[in-house]
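Work through these exercises with the sequence and the model side by side. Try each task before you read its solution.

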Amino acid sequence: MAGSGVFADIIEGDVYKYYSDGEWKNSTSGKSVPIINPTTRKTQFKVQACTQEEVNKVLDAAKSAQKSWVKTPLWKRAELLHKAAAILKEHKVPIAECLVKEIAKPAKDAVTEVVRSGDLVSYCAEEGVRILGEGKFLVSDSFPGNERTKYCLTSKVPLGVVLAIPPFNYPVNLAVSKIAPALIAGNSLVLKPQPRYGINGAVAALHMVHCFQLAGFPKGLISCVTGKGSEIGDFLTMHPGVNCISFTGGDTGMAISKKAGMIPLQMELGGKDACIILEDADLDLAAVNIIKGGFSYSGQRCTAVKVVLVMESVADILVEKVKSKVAKLTVGPPEDDCDITPVVTESSANFIEGLVMDAKQKGATFCQEYKREGNLIWPLLLDNVRPDMRIAWEEPFGPVLPVIRINSIEEGIHHCNASNFGLQGCVFTRDINKAILISDAMETGTVQINSAPARGPDHFPFQGLKDSGIGSQGITNSINMMTKVKTTVINLPSPSYAIG
């Protein structure tokens, strides 16, 4: 059960502590931040409202711990990560319980997220040993005009202190996707659950951090601070003690990127993922993937299908197939493993409703009756959406999916590329040549052919163009991003050539 058993140390009374310098602490502010259960719309948990002075101490401890951690052998770092992964999986049930209550994630999906996170940590440990365990050797005479008088040795060294800010929707998986690469690379890490959606997901993250503590990582190497963005958000992201920021979320990331200064940034900021359906597509396959891509976790995924661009000649058939599958989606509380559960906050539900009402006013065809109870919005397919409707461009982050009918491939590509987002997209066709040409033309970080957009498997590169982000994720890319190249040059008194 959450906050009990091995997790008893992380809570006092009804308020969860923050983690700093190897200890679970109460904030000197004496204040807490409530976490509202999306289903009941009542306070479910409370977390500490940390102060700027506490953030200073956390970063001082992280800097000190990193200086020792960098001297820890790679195999030992990997050993501790494997141990943390095993502990994380062992305690998947109480962590999943937090996900159900904090972010209304269906119970089976919540367990899957925790197990997937453990697998990510283990894979990262192995990958880190491989790519950090080898360097590069260059000789000077490979460049014109030089004799072999210089040997160049290069290796990857850590950046220092990494600030990780995960989103509400995958607060465990997208936290460990930052934590594990940072640690294997020799960095220390400060975790700050994102406050944009009322800090939902923070308690699951705190439980996850405790698993790393139980694994035996040194004091100060990993910290987790909670609090209001208005009080410690900018203070953290602009802090001179932070050497790298990895952020997943929304437009808050743009503000961070403008304020952070000259440090490496890894940003994933959402998308308006288009699904292009050609006339020769397998429409049954497309319909299944539109349901999976558009409505899983109530559409609250950066890689959810956000707009369907279907050729007019097959639009009626496709819409009917999708409509029949929407009717079979179960709606209700996450404890019952329903397909559609409440969206994370009331403000999110209000935003989604605003998009729906705009589409209604402008003449979109409602394939289902719009229905909402509190934060729970029933799945809705909107046909005959036009470019003048907000839903055609804005990211709803909810179970509402627009269909735009197109008359040519070029029209579909144009709509996709006119978006300020460029995270992922997908195309359904039986013609691989067309698929490759469309993939090349789409201005997105990833294009899926005959499948819905998806982040993963977790070792695949994951990146966005335009307003969707900076840099690339995926285990290998994240390790490389959280390191820099160090070069040592040996100068010889005279040219030397090895004799075979």
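**Exercise 1: a charged patch**

Task: Which residues form the positive surface patch, and which elements give two or more of them?

Solution. Step 1: Lys63, Lys67, Lys484 and Lys486 form a positive surface patch. Step 2: helix 1 (52–69) and strand 28 (483–491) are the elements that give two or more residues to this patch. Step 3: lysine 67 is found in helix 1.

Terms: patches are made of residues with over 30% relative accessible area and no salt bridge, with like charges joined within 9 Å and nonpolar side chains (Val, Leu, Ile, Met, Phe, Trp, Tyr) within 5 Å. Areas come from the Shrake-Rupley method with a 1.4 Å probe, and for residues only the protein chains shown count as cover. Lys and Arg count as positive, Asp and Glu as negative; His and the chain ends are not counted. A charge is placed at NZ of Lys, CZ of Arg, CG of Asp or CD of Glu. Helices (H or I, at least four residues) and strands (E, at least two) are DSSP runs, numbered from the N terminus.

Ground rules: this is a predicted model, where local features need pLDDT of at least 70, side-chain atom pairs count only at pLDDT 80 or more, and totals for chains, interfaces and linings use all residues. Residues are numbered from 1 along each chain as its sequence is written, and side-chain values use heavy atoms, leaving out hydrogens and water.

**Exercise 2: the three-stranded sheet**

Task: Find the strand order of the open sheet of three strands.

Solution. Step 1: the order is 7-8-28, with antiparallel pairing; two strands pair if DSSP finds at least two bridges between them. Step 2: strand 7 (136–139) and strand 28 are the edges, each pairing on one side only. Step 3: the twist averages 25° from one strand to the next (axes are lines fitted to C-alpha atoms, for helices over the stretch in contact; angles run from 0 to 180 degrees between N-to-C directions). Step 4: strand 7 joins strand 8 (residues 150–158) through four bridges. Here phenylalanine 137 has leucine 153 as its bridge partner, and valine 139 stands opposite tyrosine 151. Step 5: strand 8 pairs with strand 28 over nine bridges. Threonine 154 partners threonine 487 there.

**Exercise 3: the seven-stranded sheet**

Task: Which strands are the edges of the open sheet of seven strands?

Solution. Step 1: the order is 16-19-20-15-14-22-23, with mixed pairing. Step 2: the edges are strand 16 (365–366) and strand 23 (446–449). Step 3: strand 14 (residues 273–277) and strand 22 (residues 424–428) run parallel, joined by four bridges. Isoleucine 276 has valine 427 as its bridge partner.

**Exercise 4: a salt bridge**

Task: How far apart in sequence are glutamate 79 and lysine 76?

Solution. Step 1: both lie in helix 2 (residues 74–90), three residues apart, about one turn of the helix. Step 2: their side chains meet in a salt bridge (3.0 Å, N to O). The term means a side-chain nitrogen of Lys or Arg within 4 Å of a carboxyl oxygen of Asp or Glu. Step 3: the whole structure holds 21 salt bridges.
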